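Welcome, and please bring the model up in your viewer. Have your selection tool ready, and we will walk through it stop by stop.

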Amino acid sequence: MSLSGVGRTDEARVDAEASTALARRLRNPTVLALAALARGWSLKHDDEAEARAALEESIAICESGALQGTLVPSLAFVAPLRHRAGDTVGALDALRTAILSCRETGERLSIITVLLSFVIVLTDLGEMEGPAVAAGVLQSEVFGPAASVTGFDLDEHQRCLDIARETLGDTRYNAAVARGASLSDEEALDRLVDELDRVLPQQRDLAG
């Protein structure tokens with residue numbers, strides 16, 4: 001899966017397809033959840049429908065009681081794909097569930113992936129301060145090294161932050177980033193969940 005993270009998506013896709021085929025033959029839920037996550041990760045910039053299907057499969061396997069380690073990254077990766085497919089409530093729910101799962105298990109590194117998707121989804125919804133705060137959290141490295149964000153993910157993250165800066169103006173944007181950078185890990189999780197809890201009811205109302 002790390003090949004996708006450094007932009008070697010073609011190689012990652014070949015490996016993921018082979019892994020998925022093998023996992024289906026083995027009929028091992030844990031192996032299949034991992035393979036489906038890898039496939040979704042490798043496809044998410046080139047074939048969103050296939051990527052979403054793979055990630056939803058991984059999520060379903062995890063929620064059925066199999067390997068839990070792939071749940072948070074699968075939820076984080078699927079959130080922008082759900083949103084772009086018209087399921088904004090599902091996207092926000094995925095982000096919220098991912099954060100609460102990390103809080104429950106104590107796992108922190110996967111929050112970096114959640115932060116990236118949080119920025120993408122909320123910026124697209126016109127919510128600019130939350131993404132700026134999330135950018136500050138990422139920069140503070142309270143959940144791990146920001147240098148781990150590379151390739152397409154970094155480009156998309158920066159594109160969204162440029163929109164947030166342009167919309168808010170330098171003063172408000174920099175203040176929001178500074179607020180995020182000042183948060184502890186628990187405070188950051190609280191801030192992200194609070195933002196999602198504010199936006200979710202609005203989107204549920206719009207969805208009818």
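The tour goes from the whole chain to a single residue, then to a pair of helices and a pocket.

**The whole chain**

Keep in mind throughout that this is a predicted model. Colour by secondary structure to begin: you should find 11 helices and 0 strands. Followed along the sequence, the pattern reads α-α-α-α-α-α-α-α-α-α-α. Now colour by burial: of the 208 residues in the chain, 49% are buried. If you draw the contacts with a separation of 6 or more, 67% of them join residues 24 or more positions apart.

**Arg-82**

Next, select Arg-82, which sits in helix H5. Is Arg-82 buried or exposed? Its relative accessibility is 12%, so Arg-82 counts as buried, the cut-off being under 20%. Show what surrounds it: setting aside neighbours within four places in sequence, Arg-82 is in contact with Arg-52, Glu-56, Ile-59, Asp-87, Thr-88, Gly-90, Ala-91 and Ala-94. You can also put a distance label between Arg-82 and Leu-92, which are 10 residues apart in sequence, with 9.0 Å from C-alpha to C-alpha.

**Helices H9 and H10**

Now select residues 151-168, helix H9, together with residues 170-181, helix H10. Two packed helices are described by the angle between their axes and the distance between those axes. Here the angle is about 125° and the axes are 6 Å apart. H9 and H10 are therefore oblique to each other. To see where they touch, show side chains for Leu-161, Ala-164, Arg-165 and Leu-168 in H9, which meet Asp-170, Arg-172, Tyr-173 and Asn-174 in H10. Coloured by class, this contact has 4 nonpolar, 1 polar and 3 charged residues.

**The second largest pocket**

For the last stop, switch on a surface. Rolling a probe the size of a water molecule over the atoms shows where empty space is left. Look for the second largest pocket, which holds about 230 Å³ of space. To centre your view, select Lys-44, His-45, Pro-80, Ile-120 and Asp-153, which lie nearest the centre of this pocket among its 14 lining residues.

Which helices each supply at least two residues of this lining? They are H5 (71-84), H7 (111-124) and H9. H5, where you met Arg-82, gives the largest share of the lining, 5 residues. Finish by colouring the lining by class: 6 residues are nonpolar, 3 polar and 5 charged.

Technical notes. Residues are numbered from 1 along each chain as its sequence is written. This is a predicted model: local features need pLDDT of at least 70, side-chain atom pairs count only at pLDDT 80 or more; totals for chains, interfaces and linings use all residues. Side-chain values use heavy atoms; hydrogens and water are left out. Axes are lines fitted to C-alpha atoms, for helices over the stretch in contact, and angles run from 0 to 180 degrees between N-to-C directions. Helices (H or I, at least four residues) and strands (E, at least two) are DSSP runs, numbered from the N terminus. Angles under 35 degrees count as roughly parallel, over 145 as roughly antiparallel, 65 to 115 as roughly perpendicular and the rest as oblique. Contact means heavy atoms within 4.5 Å. Ala, Val, Leu, Ile, Met, Phe, Trp, Tyr, Cys and Pro count as nonpolar, Asp, Glu, Lys and Arg as charged, and the others, Gly among them, as polar. On a 1 Å grid over the protein atoms alone, a cavity is a set of points where a 1.4 Å probe fits but cannot get out, and a pocket is an open set with protein on both sides within 12 Å along at least five of seven lines; lining residues have an atom within 4 Å of a point. Grid points are joined across faces, edges and corners, and a volume is the space filled by probe spheres set on the points. Buried means under 20% relative accessible area, exposed over 50%, partly exposed in between (1.4 Å probe, protein chains only).
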